[in-house]
Amino acid sequence: VQYEVEATILRETGDPMLGERKECQKIIRLKSLNSNTDIASLARKVVEECRLISPSRLPEVEQLLFYLQNRKKSAEKKEKKQIKPRDLTPFEGIELDEEANINSIDDYVELLYEDIPEKIRGATLILHLARNPDNLEELLQNETALGALARVLREDWKQSVDLATTIIYVFFCFSSFSQFHGLITHYKIGALCMSIIEHELKRYDLWQDELQKKKKADILSNLKKEYEKALKKYHGLLTKQEQLLRVALYLLLNLSEDTRTELKMRNKNIVHLLVKTLDRDSEELLVLVVSFLKKLSIFLENKNDMAEIDTVEKLAKLVPCEHEDLLNVTLRLLLNLSFDTGLRSKMVQADLLPKLTSLLGDEAQRQIAMCILYHISMDDRFKSMFAYTDCIPQVRDQPALACNGLKMLMKRALKLKDPLMMKMIRNISQHDGPSKNLFIDYVGDLAAQIGLKEEEEFVIECLGTLSNLTIPDLDWELVLKEYNLVPYLKDHLKPGSAEDDLILEVVIMIGTVSMDDSCAVMLAKSGIIPALIELLNAQQEDDEFVCQIVYVFYQMVFHQATRDVIIKETQAPAYLIDLMHDKNAEIRKVCDNTLDIIAEYDVEWGKKIQSEKFRWHNSQWLEMVENRQMDEAEPFMYGDDGEPFLQNGDILERPDLFYSADGIIPADGAISPEFFTDFQNGDLLGPQGFPSSSLTDGYGQMGVTPARPATAYGFRPDEQFYYGYTASR
């Protein structure tokens with residue numbers, strides 16, 4: 001029975017992160033099978049007792065049993081299907097003209113006591129038997145054969161690569177089944193294999209040096225024959241050596257299933273041997289070596305060994321490569337290593353960042369490459385380097401990837417009520433672009449958290465996320481009604497009803513939904529505007545509260561229904577006039593723009609606003625003149641005719657010294673608050689009563705729509721620059 005065992009490491013979300021599969025076999029011995037056996041009954045018994053076989057496979061079991069029952073009875077003519085190890089291909093010299101027979105095992109053992117050619121022939125015949133799993137149990141009982149193989153390997157492996165490869169292959173067949181690992185340990189084949197590998201790697205270095213010497217000698221003598229002859233011989237030796245290395249390493253990989261055996265290998269420097277083998281060109285050998293390193297890398301000690309040598313630098317040469325399996329297992333090893341800060345640094349130094357970025361377009365390798373890039377991005381030193389790659393555009397242009405990532409984050413945050421994860425989601429929601437529209441699917445889930453008695457910190461992040469969703473297509477009126485949020489918002493505007501952080505988020509949320517005309521009307525009718533004024537009185541020393549409340553008023557005066565409520569039924573304009581000259585520049589900016597709209601639609605308030613602007617401007621100008629030092633003003637105290645200007649006490653008699661809002665002196669020299677009415681309602685105004693882009697309102701404020709003000713939690717989604725709040729009233 002052939003089956004697969006799969007081990008998977010899961011993330012906290014339950015999704016698979018790393019996985020490894022192993023193909024296994026289970027031998028079911030049918031001792032009672034003969035020509036008179038009831039196949040149907042035996043098949044049912046096999047299925048019942050072997051849990052690996054599904055009842056739906058009963059017909060297949062019956063067919064196999066029928067084949068076994070009717071195969072040729074003659075032992076001499078009996079043909080057994082050769083099952084080759086799936087991961088090792090036959091190598092040169094493994095094929096023989098004669099057929100191996102289990103009944104002739106003693107003859108094959110006798111050959112192991114002859115010269116090298118006979119030893120190779122005898123070992124090869126035994127290998128043919130061992131490649132059939134049905135024969136392994138019987139070979140296990142033959143201690144003479146196994147002992148002879150182990151002795152010959154120990155004594156003669158240096159004399160013949162073919163002999164060493166063949167005998168190790170026999171033990172490899174046993175190593176494919178964990179129940180036979182004790183046999184291999186008993187004969188100390190694992191330790192012997194490590195010695196053989198170490199010796200062969202040294203021989204490889206000698207061959208390389210020799211080849212380079214011959215190449216230089218031929219260049220000097222202008223002859224290529226010697227070098228070409230040596231190169232041909234080198235390739236032949238290399239092929240046989242790589243076959244030996246491959247079968248020996250595969251045997252060790254199978255034995256390393258036992259962590260105690262793996263620890264012994266580590267003590268014998270297995271990591272250094274494997275990393276040294278990464279210099280080879282054989283893709284089949286490299287797949288095996290990198291797979292072995294990946295298995296070892298999950299233990300800290302092995303990972304540290306890899307960090308001490310040039311593991312990452314050698315792996316970087318394999319990325320990218322045309323061999324898909326090699327590329328995949330290399331990336332998986334790099335992912336394991338990328339949990340180490342020092343190794344991440346080596347990955348960047350090895351120029352892996354652009355290579356990994358290029359793999360984002362490969363669907364087969366995208367997920368692993370993305371994980372490694374994410375780990376690298378965790379280090380502040382390397383974040384700026386992503387700007388020199390196509391990583392960010394590629395991630396941004398993959399909506400499916402972003403959608404799945406947000407889905408997983410949201411699912412986990414809502415399930416665990418995790419404030420930190422929700423804060424991360426909130427930060428994502430701040431960014432404009434396609435990613436913001438992905439949040440539309442989760443508006444209901446977020447709104448549902450607000451009415452519940454959840455932890456305050458978690459609710460703050462949910463409110464903050466919703467406040468960031470300035471999406472035109474979002475029906476906020478439906479959201480407020482569906483989740484009955486208006487009473488919650490109003491109740492949490494009362495000073496002291498909750499922590500200031502939560503109340504502030506409620507104010508910001510009201511500012512967001514007030515962009516919608518119907519929502520603004522709903523909020524105004526609920527009595528939220530007086531509640532905001534009360535909160536403004538209570539929090540007048542807190543710039544953040546003041547700025548966000550004024551921003552709500554700014555949003556509401558855009559809509560006819562709420563504009564009338566604010567102007568005619570509340571004292572909000574009076575509060576705005578008081579704040580018009582606040583020390584905080586951002587508050588002044590939002591107030592001025594809000595008052596400009598009010599002045600345009602209400603004549604009475606417009607006059608009050610203009611009078612206050614004039615009074616303030618005039619008082620500031622007078623204060624400037626009064627405080628000017630005589631020595632600074634002396635060059636300006638006399639006119640061209642030598643006559644002195646009027647002193648401070650007479651300055652009001654010289655209205656021609658006043659400049660109008662547009663920088664033009666009126667012909668009659670008169671200035672009054674009414675002049676500002678002409679300025680605001682005249683041709684100097686741009687569309688909708690705002691000053692044109694080239695003009696100011698006379699007080700240094702441009703008549704443009706303000707961006708959403710900042711808060712202590714960072715910039716708003718539509719903010720164009722950072723603000724700093726340092727002033728207080």
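Modeller: Let's get one term straight before we dive in: buried means under 20% relative accessible area, exposed means over 50%, and partly exposed is in between (1.4 Å probe, protein chains only). What you see is a predicted model, where local features need pLDDT of at least 70 and side-chain atom pairs count only at pLDDT 80 or more, while totals for chains, interfaces and linings use all residues. Residues are numbered from 1 along each chain as its sequence is written, and side-chain values use heavy atoms, with hydrogens and water left out.

Colleague: Okay, let's start at the front of the chain. How many bridges join strand 1 to strand 2?

Modeller: Helices (H or I, at least four residues) and strands (E, at least two) are DSSP runs, numbered from the N terminus, and two strands pair if DSSP finds at least two bridges between them. Strand 1 covers residues 2-10 and strand 2 covers residues 16-25, and they run antiparallel. One bridge partner in strand 2 is K22, which goes with V5. The number of bridges joining the two strands is nine.

Colleague: And which residue takes a positive phi in that hairpin?

Modeller: The hairpin of strand 1 and strand 2 has five residues between the strands. With a phi near 95°, the residue to look for is G14.

Colleague: Back to K22: which residue does K22 form a salt bridge with?

Modeller: A salt bridge is a side-chain nitrogen of Lys or Arg within 4 Å of a carboxyl oxygen of Asp or Glu. Here the closest N and O atoms are 1.8 Å apart, and the partner of K22 is E257. K22 sits in strand 2 and its partner in the loop between helix 10 (225-255) and helix 11 (259-267), so the pair ties together parts 235 residues apart in sequence. K22 is partly exposed at 27%, and partly exposed at 35% is its partner, E257.

Colleague: Are K613 and D596 buried or exposed?

Modeller: These two form a salt bridge as well, with the closest N and O atoms 3.1 Å apart. The pair links distant parts of the chain, 17 residues apart: K613 is in helix 36 (residues 603-627) and D596 in helix 35 (residues 585-601). Both K613 and D596 are buried.

Colleague: What about E604 and K608, how many residues apart are they?

Modeller: E604 and K608 form a salt bridge too, the closest N and O atoms being 3.8 Å apart. E604 is exposed at 54%, while K608 is partly exposed at 41%. Both lie in helix 36, about one turn of the helix apart, and the separation in residues is four.

Colleague: How many salt bridges does the structure hold?

Modeller: We've met a few, among them the one between E604 and K608. The count for the structure is 26.

Colleague: Any odd backbone spots? Where does K188 lie?

Modeller: Most residues other than glycine have a negative phi, and most peptide bonds are trans. Phi of K188, though, is near 55°, a positive value. K188 has 62% relative accessibility, so it counts as exposed. It lies in the loop between helix 8 (181-186) and helix 9 (189-221).

Colleague: And the peptide bond that joins V319 and P320, what is its omega?

Modeller: P320 is in the loop between helix 15 (311-316) and helix 16 (324-337). The bond joining V319 and P320 is cis, with an omega of about -10°.
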